[in-house]
Amino acid sequence: NGDILEGSPHKGTARDNNVLLVSIIGMDDMKSRCQLLSLLAQKGVNIDMISWGESLSFSTPRVWKNKIQSVLEELLGSRNWEIEEEVCKLSLIGSGMSDRVGIAAEMVGALINKGIRVMALSAGEIKISVFVPERNAQTGLEAVHSRFF
């Protein structure tokens, strides 16, 4: 996506509209969390990103919605969880990004400056991904691209 800056670890941006963001509140014990993840794995659900803090959140392709919903209803009934469908994953991709200080802050800053809410963030060795409302996907992608390329 666009020109690559000389010496920059940033190689491109990507947008994925085929994601769900699942959030579960009040599942505090490790045994319940492991049980949930095991049940999802048994059903063949592919989880992309997991945030394991006060709440448990994860992303997955939209095709798994019905299976996830079934498992959550079985374990938790109809309370303390939500599946957000109108989200998009934006990613900044490049090698050695974990060695560069402040890239995630710059990426989030570019989105916030456009008034875009960042719902979740995942950072790794070669990519930083954020989840934003789907209605802001194109503006967000352009903001990230403009900031880094």
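**Exercise 1. Arg147 and its contacts**

Which residues does Arg147 touch, not counting residues up to four places away in sequence? Find Arg147 in the predicted model, then describe its surroundings.

*Solution.*
Step 1. Locate the residue: Arg147 is in helix H4.
Step 2. List the contacts. Leaving out residues up to four places away in sequence, Arg147 touches Glu106 and Ala110.
Step 3. Check a distance along and across the chain. Arg147 and Gly109 are 38 residues apart along the chain, and their C-alpha atoms are separated by 9.4 Å.
Step 4. Classify the exposure. Arg147 has 39% relative accessibility, so it counts as partly exposed; the class lies between the limits of 20% and 50%.

**Exercise 2. The overall layout**

State how many helices and strands the protein has, and give their order.

*Solution.*
Step 1. Count the elements: the protein has 4 helices and 8 strands.
Step 2. Read them from the N terminus on: β-β-α-β-β-α-β-β-α-β-β-α.
Step 3. Add the dimensions. The C-alpha trace spans about 50 × 30 × 25 Å along its principal axes.
Step 4. Add the burial: 41% of the 149 residues count as buried.
Step 5. Look at the contacts between residues at least 6 apart in sequence. Of these, 69% join residues at least 24 apart.

**Exercise 3. The two sides of helix H2**

Determine which residues of H2 are buried and which exposed residues lie on the face turned away from them.

*Solution.*
Step 1. Describe the helix. H2 covers residues 65-76, which is 12 residues, and reaches 16 Å from its first C-alpha to its last, close to the 16 Å expected.
Step 2. Name the buried residues: Ile68, Val71 and Leu72.
Step 3. Look down the axis. The buried residues of H2 fall within an arc of 100 degrees, so they line one face of the helix.
Step 4. Recall the general rule: an α-helix has 3.6 residues a turn, so residues three or four places apart point the same way.
Step 5. Turn to the other side. The face away from the buried side of H2 carries the exposed residues Asn66 and Glu74.
Step 6. Find the packing partners. The buried residues of H2 pack against strand S2 (19-24), helix H1 (30-42), strand S4 (56-61) and strand S5 (81-84).
Step 7. Go past the end of the helix: just after H2, Gly77 has a positive phi of about 75 degrees.

**Exercise 4. The open sheet**

Give the strand order of the open sheet of 4 strands and explain why S3 and S5 are each left with one side without a neighbour in the sheet.

*Solution.*
Step 1. Write the order: the strands stand as S3-S4-S2-S5, with antiparallel pairing.
Step 2. Examine the edges. Strand S3 (49-52) and S5 each have a single partner strand, so one side of each has no neighbour in the sheet.
Step 3. Give the turn between neighbours: on average 15 degrees, with direction ignored.
Step 4. Take one pair. S2 and S5 are antiparallel and pair over 4 bridges; Ser23 stands opposite Glu82 in S5.
Step 5. Place the helix. H2 lies across S2, S4 and S5, and runs at about 170 degrees to S5.
Step 6. Consider one residue of S4, namely Ser59. Its relative accessibility is 0%, so Ser59 counts as buried. Not counting residues up to four places away in sequence, Ser59 has several contacts, among them Leu20, Asn46 and Phe131.

**Exercise 5. Strand S8 and the nonpolar cores**

Find the pairing of S8 with S6 and with S7, then identify the elements that supply the largest nonpolar core.

*Solution.*
Step 1. Check how covered S8 is: 6 of its 7 residues are buried.
Step 2. Pair S8 with S6. The two run antiparallel and are joined by 7 bridges, and Cys88 stands opposite Val132 in S8.
Step 3. Pair S8 with strand S7 (residues 120-123). These run antiparallel with 4 bridges, Ala120 stands opposite Phe131 in S8, and a hairpin through 3 residues joins S7 to S8.
Step 4. Describe the core. The largest nonpolar core has 17 residues, and those with the most contacts inside it include Leu90, Leu111 and Val132.
Step 5. Name the suppliers: strand S6 (87-94), helix H3 (103-113), strand S8 (127-133) and helix H4 (137-148) each give at least two residues of this core.
Step 6. Note the second core, which is separate, has 16 residues and includes Leu20, Leu56, Trp64 and Ile83.

Conventions: Residues are numbered from 1 along each chain as its sequence is written. This is a predicted model: local features need pLDDT of at least 70, side-chain atom pairs count only at pLDDT 80 or more; totals for chains, interfaces and linings use all residues. Side-chain values use heavy atoms; hydrogens and water are left out. The expected span of a helix is 1.5 Å times one less than its number of residues. Buried means under 20% relative accessible area, exposed over 50%, partly exposed in between (1.4 Å probe, protein chains only). The arc is that of the directions from the helix axis to the C-beta atoms. Contact means heavy atoms within 4.5 Å. Two strands pair if DSSP finds at least two bridges between them. Axes are lines fitted to C-alpha atoms, for helices over the stretch in contact, and angles run from 0 to 180 degrees between N-to-C directions. A nonpolar core is a set of buried Ala, Val, Leu, Ile, Met, Phe, Trp, Tyr and Cys residues joined through side-chain atoms within 4.5 Å.
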